[in-house]
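Could you walk me through this fold, going from single residues out to the sheet and back again? I would like to see how the local details fit the overall picture.

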Amino acid sequence: MAMTGLNVGVKLKEVATAGHAYQNVTVLHSDEIGLVFEVHRTVAEGGTIENVVSQVLVPWAQIHHVLVMEERT
């Protein structure tokens with residue numbers, strides 16, 4: 001079952017696949033094939049710390065769950 005109702009600009013708490021969980025992402029595109037989102041992360045490489053912005057395409061068949069929001073009380 002494909003999800004196609006995620007609008008561009010929607011902030012998602014988490015997108016989880018078998019190998020990775022992407023947190024605090026922004027939807028760039030969503031269709032019957034998959035989900036494209038932008039994720040900001042900090043990478044330390046060779047003693048240098050950089051902020052990296054990645055655009056990731058994940059097919060719906062590889063997505064385990066999408067956490068839209070989370071509330072803690």
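In this predicted model, Thr 17 is in contact with Val 58, Gln 62 and His 64, once its neighbours within four places in sequence are left aside. Thr 17 belongs to strand β1, which covers residues 11-17. Is Thr 17 buried or exposed? Its relative accessibility is 18%, so Thr 17 counts as buried, the cut-off for that class being under 20%.

Now step back to the sheet that β1 is part of. Here 5 strands form an open sheet in the order β4-β3-β2-β1-β5, and the pairing is antiparallel. Which strands sit at the edges? They are β4 and β5 (63-67), each of which pairs on one side only. Neighbouring strands of the sheet are turned against each other by 40° on average, with direction ignored. As a general reminder, strands of a sheet pair through backbone hydrogen bonds, either parallel or antiparallel. For a single pair to look at, take β3 and β4, which run antiparallel to each other over 12 bridges. Along the way you will find Arg 41 standing opposite Val 52 in β4.

Next comes the packing of side chains. The largest nonpolar core has 13 residues, and those with the most contacts inside it are Leu 12, Val 15, Val 25, Leu 35 and Phe 37. At least two residues of this core come from each of β1, β2 (21-30), β3 (34-45) and β4 (48-59). Leu 12 is a good place to pause: not counting residues up to four places away in sequence, Leu 12 touches Leu 6, Asn 24, Val 25, Val 27, Leu 35, Val 66, Leu 67 and Val 68.

Two of those partners deserve a visit of their own. Asn 24 lies in strand β2 and is exposed, with a relative accessible area of 53%. Its backbone may catch your eye too: Asn 24 is not a glycine, yet its phi is positive, at about 55°. For context, most residues other than glycine have a negative phi.

The other partner, Val 66, lies in strand β5. With a relative accessible area of 22%, Val 66 is partly exposed. Beyond its neighbours within four places in sequence, Val 66 is in contact with Leu 12, Glu 14 and Trp 60. How far apart in space are Val 66 and His 29? From C-alpha to C-alpha they are 15 Å apart, while 37 residues apart in sequence.

Technical notes:
Residues are numbered from 1 along each chain as its sequence is written. This is a predicted model: local features need pLDDT of at least 70, side-chain atom pairs count only at pLDDT 80 or more; totals for chains, interfaces and linings use all residues. Side-chain values use heavy atoms; hydrogens and water are left out. Helices (H or I, at least four residues) and strands (E, at least two) are DSSP runs, numbered from the N terminus. Buried means under 20% relative accessible area, exposed over 50%, partly exposed in between (1.4 Å probe, protein chains only). Contact means heavy atoms within 4.5 Å. A nonpolar core is a set of buried Ala, Val, Leu, Ile, Met, Phe, Trp, Tyr and Cys residues joined through side-chain atoms within 4.5 Å. Two strands pair if DSSP finds at least two bridges between them. Axes are lines fitted to C-alpha atoms, for helices over the stretch in contact, and angles run from 0 to 180 degrees between N-to-C directions.
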